[in-house]
Amino acid sequence: MFSALIGVFWVLPQLVEPPAPPVIASNSSADTSSKAEPKLQESPYTEAEIMQQRRDVQKVLQDILQLQEELLERRVETWAAEEYFAARTLAEGADGIYRQRRFMQALEQYREALAGMQALRDSIPQRIEQHLAEGHKALDTGDQEAATRAFDLVLTISDDHPRGVKGKARAQKLPEVWPRFTAGQEAFTENRLDTAKAELEKALALDADTAPAKALLPEVKAAIRERDYSEAMSAGYTAIGNGNFEKARSHFNTAKKLKPNATDPDAGLRQAANGVAQGRIDRLFASASENEREERWYKAAEQYSALLEVDSSLVEAVTGKARSEARAKLDDQLQELLQDPLKLSQAKRNQYARKVLADARALKVDTPRLNGQVEALETALTQALIPVTVVLQSDASTQVTIYHVGKLGNFSQRQIALKPGRYTAVGTRQGYRDVRREFVVQPQSESPVVTIQCAEKINSANNS
């Protein structure tokens, strides 16, 4: 082909010279006709027309050569041999026509050959896309051989084509990637979801563009999410059944995170919340009852108040709080009276104590603490009214007075019956400093001895 085209460019220009003398053929009849019919000279117009046709041929031939060089660089014989050789055959046929000086016919055939090569060049983008599509299809079916062949064709047509290079690299990884994908696919079919997820993720770690793995992984994750959601809901209701409401709430919250738009977790959370509240109520009631049994009335009242904060309509809590507060108040009164039984001898104090005692008896309950308080107060009230003999000693010169009892006058020793309590005795004597003695009369005690006498003289210096 090259030699023919070179001949066209070098030989044809010589043909524009005046025609060579006729060649003598070996056929005698032809010689006779040549001698009989002298060759006609072409007209100037015809000769100019031929010259134009030859120039057109040369231009088309140059275009053919350029196209052919480009196609050969792209190794056209590998990816479009039939079309290429068809166009080339047309060009070679046009050479023969040209030599016969049928320039217009040769020009038309050269143009047809040029059009064929142009069509090949113009088809390159489409062919690349076609082979890329074939390669990706082969990748998606795990056919390494077909994928490699397709991407090799892309790289044959266009060296270093980015998608071709990437596709071939993916094809080379296919022996590692595809077993991972098929293992994940099989595990998914067998409902081994965690294994399926792990295998597909390994496949995508090797080749992130593995389309079947990319398509299947969301399905696997959705199945895992659905499984985990169902398990969380089931575990939540199981926990409610076991009375473990905090654990149930945790499970329902997990389910809510897995499927935020689902309404079932909200229903479960409400049940768990109600269970938590009811559990707290039950615990508070139990604790309040225990504190009442142990007569820890303030603690019981606190817990009943906490119950009313949870639900103010709890009648049992309302009555329990009132009962506990009343008992707490009575307990305080009893304890305060028993802490200072000496005051019970005072009329008003004694009257108040008897009223408190009556209130305690009116409860008609048999509890250790209250029984002990009532018994102790009864004893204290009885003893508070029994006088105790007190021995008073003095010097017969000191005037003795006991507050709230009266003036006792002068004496050396005197006995007086006093109710249990605290007393203050005062001694006075002319010329002597007053003395003050406080003493306590305990119930059922031996006769206490109290000495009251003024012994410190007041001198004139002191008086001044």
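Good morning. The buried residues of helix α9 pack against four helices, namely α7 (124-141), α8 (144-157), α10 (193-206) and α11 (211-241). I should say at once that this is a predicted model.

Let me stay with α9. The buried positions of this helix are Gly164, Gly167, Arg170, Ala171, Leu174, Val177, Trp178, Phe181, Gly184 and Ala187. The helix spans residues 162-189, and it carries a kink of about 60° at Leu174, shortly before the proline Pro175. Leu174 thus appears both at the kink and among the buried residues. Just after the helix, Asn191 adopts a positive phi of about 65°.

Among the packing partners of α9, I would like to take up α8. The axes of these two helices come within 9 Å and cross at roughly 160°. Angles over 145 degrees count as roughly antiparallel, so α8 is described as roughly antiparallel to α9. The crossing of the pair is left-handed. On the α8 side, the contact is made by Gln144, Ala147, Thr148, Phe151, Asp152, Val154 and Leu155. On the α9 side, the contributors are Arg163, Gly164, Val165, Gly167, Lys168, Ala171, Gln172, Leu174 and Pro175. Both Leu174 and Pro175, which I mentioned in connection with the kink, therefore belong to this contact, as do Gly164, Gly167 and Ala171.

I turn next to a single residue, Lys321, which is found in helix α15, residues 315-339. Is Lys321 buried, exposed or partly exposed? Its relative accessible area is 26%, so Lys321 is partly exposed, given that buried requires a value under 20% and exposed a value over 50%. Which residues does Lys321 touch, leaving aside its neighbours within four places in sequence? The contacts are with Ala301, Tyr304, Ser305 and Leu308. For Ser305, which lies 16 residues away along the chain, the C-alpha atoms of the two residues are separated by 6.6 Å.

I now come to the strands. Strands of a sheet pair through backbone hydrogen bonds, either parallel or antiparallel. One open sheet has three strands in the order β4-β1-β7, with mixed pairing. Its edges are β4 (413-418) and β7 (449-451); each has a single partner strand, so one side of each is left without a neighbour in the sheet. From one strand to the next, the twist averages 30°. Within this sheet, β1 (residues 388-393) pairs with β4 in the antiparallel sense over six bridges. In that pairing, Val390 stands opposite Ile416 of β4.

Another open sheet has four strands, in the order β3-β2-β5-β6, and its pairing is antiparallel. Here β3 (406-409) and β6 (432-441) stand at the edges; each has a single partner strand, so one side of each lacks a neighbour in the sheet. Neighbouring strands of this sheet are turned by 20° against each other on average, direction ignored.

Finally, some detail on β2 and β3. Strand β2, residues 399-402, pairs with β3 in the antiparallel sense over three bridges. Thr401 stands opposite Lys407 in β3, and Val400 has Gly409 as its bridge partner. What separates the two strands of this hairpin? Three residues lie between them, and in this hairpin His404 takes a positive phi near 65°.

That concludes my presentation. Thank you.

Technical notes
Residues numbered from 1 in each chain as written. Predicted model: local features only at pLDDT ≥ 70, side-chain atom pairs only at ≥ 80, totals over all residues. Heavy atoms only, no water. Bend = angle between axes of the 7 residues up to and from the residue. Buried < 20%, exposed > 50% of the residue type's maximum accessible area, 1.4 Å probe, protein only. Contact = heavy atoms within 4.5 Å. Pairing = 2+ DSSP bridges. Axes fitted to C-alpha atoms, helices over the stretch in contact; angles between N-to-C directions. Parallel < 35°, antiparallel > 145°, perpendicular 65-115°, else oblique. Left-handed = near helix turned anticlockwise from the far one by under 90°.
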